[in-house]
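Subject: Structure handover

Hello,

Here is the structure I said I would pass on. My notes on what was found in it follow below.

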Amino acid sequence: MSWLNIKNFGIKALQQYLLNTGCKIIICIADKQYTYIWFTNGDYEQVSSNIKQIKLKLSDNYLFRSHESYLVNLNYIIHIDYDNLLITMEGGHTAKLRKTKVATLKLLMANREIPEVIDFVSTNSVERKSAR
């Protein structure tokens, strides 16, 4: 991965970058006042905007705030571990999942046309625990 050569990479520059490259965001991870964003083309960038600002400014319905420090693209989830509340993304990144977000994530994933992920949702450990 390489840093993009954009100084003061903000929301407008992020929108322009996504438009120009055609790539998508895989995951955003908050670290104090900065957010690190990984893209589908292998690039990543540090921005001075918080996750809330990114989610509000980008009109991407596939971005889901799984935790206060994580924003994940539903299309790039490869595994959801409901026992340990972890989401594994393409590229090997992991995101935390809050217990209060489990039901919402399951509903969103069930409505997506991504068979691999829907399988994870339909056989998750949360449903098995509640059935015992």
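Arginine 98 and glutamate 68 form a salt bridge, and their closest N and O atoms are 3.4 Å apart. Please bear in mind that this is a predicted model. Arginine 98 sits in the loop between strand S8 (94-96) and helix H3 (102-110), while glutamate 68 sits in the loop between S4 and S5, so the pair ties together parts that are 30 residues apart in sequence. The count of salt bridges comes to one. Side chains of opposite charge can pair when their charged atoms come close. Neither partner is fully covered: arginine 98 is partly exposed at 37% relative accessibility, and glutamate 68 is partly exposed at 41%.

The strands around glutamate 68 come next. S4 covers residues 63-67, and four of its five residues are buried. Strand S5 (residues 70-73) pairs with S4 in the antiparallel sense, over three bridges. The two strands make a hairpin with two residues between them. Within this pairing, leucine 63 is opposite asparagine 73 in S5. Histidine 67 also belongs to S4. With a relative accessibility of 12%, histidine 67 is buried, because the limit for buried is under 20%. Leaving out residues up to four places away in sequence, histidine 67 touches Lys96 and Arg98. Arg98 is thus a contact of histidine 67 as well as the salt-bridge partner of glutamate 68.

There is also an open sheet of three strands, in the order S6-S7-S8, with antiparallel pairing. S6 (77-81) and S8 are its edge strands, each pairing on one side only. On average, neighbouring strands of this sheet are turned by 20 degrees against each other, direction ignored. S6 and strand S7 (residues 86-89) run antiparallel and are joined by four bridges. Histidine 79 is opposite threonine 88 in S7. Strands of a sheet pair through backbone hydrogen bonds, either parallel or antiparallel.

Two residues have a backbone angle worth a look. Most residues other than glycine have a negative phi. Lysine 32 has a positive phi, near 60 degrees, and leucine 85 has a positive phi of about 55 degrees. Both are in loops: lysine 32 between S1 and strand S2 (34-39), and leucine 85 between S6 and S7. Are these two residues buried or exposed? Lysine 32 is exposed, with a relative accessible area of 77%, whereas leucine 85 counts as buried at 18%.

Now the interior. The largest nonpolar core has 21 residues, and those with the most contacts inside it are Ile27, Val72, Ile77, Ile87, Met89, Leu97 and Leu105. S1, S5, S6, S7 and H3 are the elements that give two or more residues to this core. A second, separate core has 15 residues, including Ile11, Cys28, Leu63 and Leu71.

Leucine 97 shows what one of these core residues meets. Not counting residues up to four places away in sequence, leucine 97 touches Phe64, Ser66, Ile80, Tyr82, Leu85, Leu86, Ile87, Val102 and Leu105. One of these contacts is Leu85, the loop residue with the positive phi.

Which residues of H3 are buried? They are Val102, Leu105, Lys106 and Met109. Seen down the helix axis, these buried residues fall within an arc of 100 degrees, so they line one face of H3. Ala103 and Leu107 are exposed on the other side of H3.

The last residue on my list is isoleucine 26, in strand S1 (residues 25-31). At 8% relative accessibility, isoleucine 26 is buried. Apart from its neighbours within four places in sequence, isoleucine 26 is in contact with Trp38, Phe39, Thr40, Leu71, Val72, Asn73, Tyr76, Met89 and Glu90. Asparagine 41 is 15 residues from isoleucine 26 in sequence, and the two are 9.6 Å apart in space, C-alpha to C-alpha.

Regards

Terms used:
Residues are numbered from 1 along each chain as its sequence is written. This is a predicted model: local features need pLDDT of at least 70, side-chain atom pairs count only at pLDDT 80 or more; totals for chains, interfaces and linings use all residues. Side-chain values use heavy atoms; hydrogens and water are left out. Buried means under 20% relative accessible area, exposed over 50%, partly exposed in between (1.4 Å probe, protein chains only). Two strands pair if DSSP finds at least two bridges between them. A salt bridge is a side-chain nitrogen of Lys or Arg within 4 Å of a carboxyl oxygen of Asp or Glu. Axes are lines fitted to C-alpha atoms, for helices over the stretch in contact, and angles run from 0 to 180 degrees between N-to-C directions. Contact means heavy atoms within 4.5 Å. The arc is that of the directions from the helix axis to the C-beta atoms. A nonpolar core is a set of buried Ala, Val, Leu, Ile, Met, Phe, Trp, Tyr and Cys residues joined through side-chain atoms within 4.5 Å.
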